[in-house]
Amino acid sequence: MNFETEYKNIIFNITLESIQIADVSLLLGDKFNRLPNQTMIELKNGNLIAYNLIIKSTKNSEVRVHYWSNILLPKAADDLFLELGYFLEDEEILDAVVSNWELSGDEFGPAWK
């Protein structure tokens, strides 16, 4: 899946690539960091799959690439776009990218000075 949008004067080219998990049990983690049982069932049934999210952001002809990996989203195409929107909003992904751009500053220097 690939689409483009603009937010706060930054152009975002968003790519979502499905990845294969060889062994779902590797996602179990330790006893303090586990996926919920229902999520594991959905993974094993193939209703949820892992994706890599790649965002190329462009501002004033400068391009930056941002990566998020192993995002669990539905396999069904009709649910995927909606769930991706929820993920981008809930995790404040676009705002994180905007914040990254703000760190570079303006004509007066970097924002961290």
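Select Thr39 to begin: this residue belongs to helix 1, which covers residues 37-45. The model on display is a predicted one. Is Thr39 buried or exposed? With a relative accessible area of 19%, Thr39 counts as buried, because the cut-off for that class is under 20%. Now display the residues in contact with Thr39, leaving aside its neighbours within four places in sequence: these are Leu48 and Leu72. Keep Leu48 highlighted, since the tour returns to this residue at the pocket.

**The chain as a whole**

Next, colour the chain by secondary structure. Three helices and four strands should appear, and along the sequence they follow the pattern β-β-α-β-β-α-α. The chain has 113 residues, of which 27% count as buried. For a contact map, consider the contacts with a separation of 6 or more: residues 24 or more positions apart account for 55% of them.

**The sheet**

Hide the helices and select the four strands. In what order do the strands lie in the sheet? The order is 1-2-3-4, in an open sheet with antiparallel pairing. At the edges are strand 1 (2-7) and strand 4 (62-74), each of which pairs on one side only. From one strand to the next, the twist averages 25 degrees. Strands of a sheet pair through backbone hydrogen bonds, either parallel or antiparallel, so backbone atoms are a useful display for the next steps.

Select strand 2 (10-19) together with strand 3 (48-59). These two strands are antiparallel and are paired over nine bridges. One position to label is Thr15, whose bridge partner in strand 3 is Ile54.

Move on to strand 3 with strand 4. How many bridges join this antiparallel pair? There are eleven bridges between strand 3 and strand 4. Three positions can be labelled across this pairing:

- Tyr51, which is opposite Ile71 in strand 4.
- Ile55, which faces His66 of strand 4.
- Ser57, with Arg64 of strand 4 standing opposite.

Then centre the view on the turn of this hairpin. Two residues lie between strand 3 and strand 4, and Asn60 in the turn has a positive phi of about 50 degrees.

**The helix across the sheet**

Restore the helices and select residues 93-103, which form helix 3. Which strands does helix 3 lie across? Helix 3 lies across strand 1, strand 2, strand 3 and strand 4. Relative to strand 4, helix 3 runs at about 155 degrees.

**The largest pocket**

Finally, turn to the largest pocket, whose volume is about 160 Å³. Eleven residues line this pocket, and the closest to its centre are Ile19, Gln20, Ile21, Leu48 and Ile49. Leu48 is also one of the residues in contact with Thr39, where the tour began.

Colour the lining by strand. Strand 2 and strand 3 each supply at least two residues of the lining. Which strand gives the most to the lining? Strand 3 does, with three residues. Recolour the lining by class to finish: seven residues are nonpolar, three are polar and one is charged.

Methods: Residues are numbered from 1 along each chain as its sequence is written. This is a predicted model: local features need pLDDT of at least 70, side-chain atom pairs count only at pLDDT 80 or more; totals for chains, interfaces and linings use all residues. Side-chain values use heavy atoms; hydrogens and water are left out. On a 1 Å grid over the protein atoms alone, a cavity is a set of points where a 1.4 Å probe fits but cannot get out, and a pocket is an open set with protein on both sides within 12 Å along at least five of seven lines; lining residues have an atom within 4 Å of a point. Grid points are joined across faces, edges and corners, and a volume is the space filled by probe spheres set on the points. Ala, Val, Leu, Ile, Met, Phe, Trp, Tyr, Cys and Pro count as nonpolar, Asp, Glu, Lys and Arg as charged, and the others, Gly among them, as polar. Two strands pair if DSSP finds at least two bridges between them. Axes are lines fitted to C-alpha atoms, for helices over the stretch in contact, and angles run from 0 to 180 degrees between N-to-C directions. Contact means heavy atoms within 4.5 Å. Buried means under 20% relative accessible area, exposed over 50%, partly exposed in between (1.4 Å probe, protein chains only).
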